[in-house]
Every structure is written in structure tokens, then in C-alpha cells.
Amino acid sequence: MTDHVHERLGFREIDEHGNAVQAVSPHVPETADPPPKRLTVNPFIIALWVLDAGLMWVGIWAIATAAGALVAPAPYQSASTAQFTYMMLSNAPYALLGAILLTAGLLFWHAGQWQKKRPTG
């Protein structure tokens, strides 16, 4: 005798903390739990790439602006503009050096991560 009310019955188990575990039905096979989703990208590495792009852009912009002011100075250029140009020219190489070193470091990090994922042997 088939009874659709009793076919849905299953056993419930309780874990060691008293919480109910998912019901087990003899007619329906258990489904495997989906693997937990992991974040595939590291947000800190993304922030470092953004910082790297910003340093590179600031360094190139500073050199281009300062060099343009030196090549074709404006007749109304004040002392503060000359000081700003000097500050940009003296700090831009360090921004570019920092960007190059940060790029190299990030590329080495990515290479290490890539090698970890590949099988050895």
C-alpha cells in the first residue's frame, strides 16, 4: 500500500549540540553540499595594482608637465610655479622608481601563485 503522506517521512538526526541535521529520505539520495565559494581575487593585490597605476601616472604626468614648463616657459610664470615645477621634477623619478619596483614585486608574487597552482613533477 502506497501512501504519499508516509513516503515523505524520513529520519532526523541531532548533532552533539542538539541541532537538527537535514532529514534523510530513503527514496531521495543525498545531495553533496556545494563547495564553499572562495574569492578568486585578492583585494589587497588589486589595491596594490591600483596604487601602482596611480604612481606610474603621477610620475609620467609630473615629468611631462615639468618638462613642458621648462621647454616653453610662460612669460607670466611666477616664483611659486617654478618651485612647483622643481618639486615635481625632483619627486617624479622616485614615483616612477616606486611604480617599477611595485610592478616587479607584484609580477613575482603572481608568478609564485601561478607556480603553486601547477603540479610539480
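A residue counts as buried when its relative accessible area is under 20%. By that cut-off, 12% of the 121 residues in this chain are buried. Keep in mind that the model is predicted.

**Stop 1: the whole chain.** Show the cartoon. You should find 3 helices and 0 strands. Followed along the sequence, the pattern reads α-α-α.

**Stop 2: a pair between distant parts of the sequence.** Select Met56, which sits in helix α2. Then add Ala99. These two residues are 43 apart in sequence, yet their C-alpha atoms lie 5.5 Å apart in space. Is Met56 buried, exposed or partly exposed? Its relative accessible area is 29%. Buried needs a value under 20% and exposed needs one over 50%, so a residue in between is partly exposed. Met56 is therefore partly exposed.

**Stop 3: the nonpolar patch.** Switch on the surface. Select Trp57, Val58, Trp61, Phe84, Tyr86 and Met87; together they make a nonpolar surface patch of about 700 Å². Which elements give two or more residues to the nonpolar patch? They are α2 (43–71) and α3 (79–117).

Now isolate Tyr86, one of the patch residues. Tyr86 belongs to helix α3. Its relative accessible area is 60%, so Tyr86 is exposed; the cut-off for that class is over 50%.

**Stop 4: the largest pocket.** Rolling a probe the size of a water molecule over the atoms shows where empty space is left. In the largest pocket, that space comes to about 310 Å³.

To display the lining, select Arg38, Leu39, Thr40, Val41, Asn42, Ile45 and Ile46, then add Trp109, His110, Gln113, Trp114 and Lys117. Colour the selection by class. The lining has 6 nonpolar, 4 polar and 2 charged residues.

Next, colour by element. Both α2 and α3 supply at least two residues of this lining. Which element gives the largest share? That is α3, with 5 residues.

**Last view.** Show patch and pocket together. Helices α2 and α3 each give two or more residues to the patch, and each supplies at least two residues of the pocket lining.

Key
Residues are numbered from 1 along each chain as its sequence is written. This is a predicted model: local features need pLDDT of at least 70, side-chain atom pairs count only at pLDDT 80 or more; totals for chains, interfaces and linings use all residues. Side-chain values use heavy atoms; hydrogens and water are left out. Patches are made of residues with over 30% relative accessible area and no salt bridge: like charges are joined within 9 Å, nonpolar side chains (Val, Leu, Ile, Met, Phe, Trp, Tyr) within 5 Å. Accessible areas come from the Shrake-Rupley method with a 1.4 Å probe; for residues, only the protein chains shown count as cover. A salt bridge is a side-chain nitrogen of Lys or Arg within 4 Å of a carboxyl oxygen of Asp or Glu. Helices (H or I, at least four residues) and strands (E, at least two) are DSSP runs, numbered from the N terminus. Buried means under 20% relative accessible area, exposed over 50%, partly exposed in between (1.4 Å probe, protein chains only). On a 1 Å grid over the protein atoms alone, a cavity is a set of points where a 1.4 Å probe fits but cannot get out, and a pocket is an open set with protein on both sides within 12 Å along at least five of seven lines; lining residues have an atom within 4 Å of a point. Grid points are joined across faces, edges and corners, and a volume is the space filled by probe spheres set on the points. Ala, Val, Leu, Ile, Met, Phe, Trp, Tyr, Cys and Pro count as nonpolar, Asp, Glu, Lys and Arg as charged, and the others, Gly among them, as polar.
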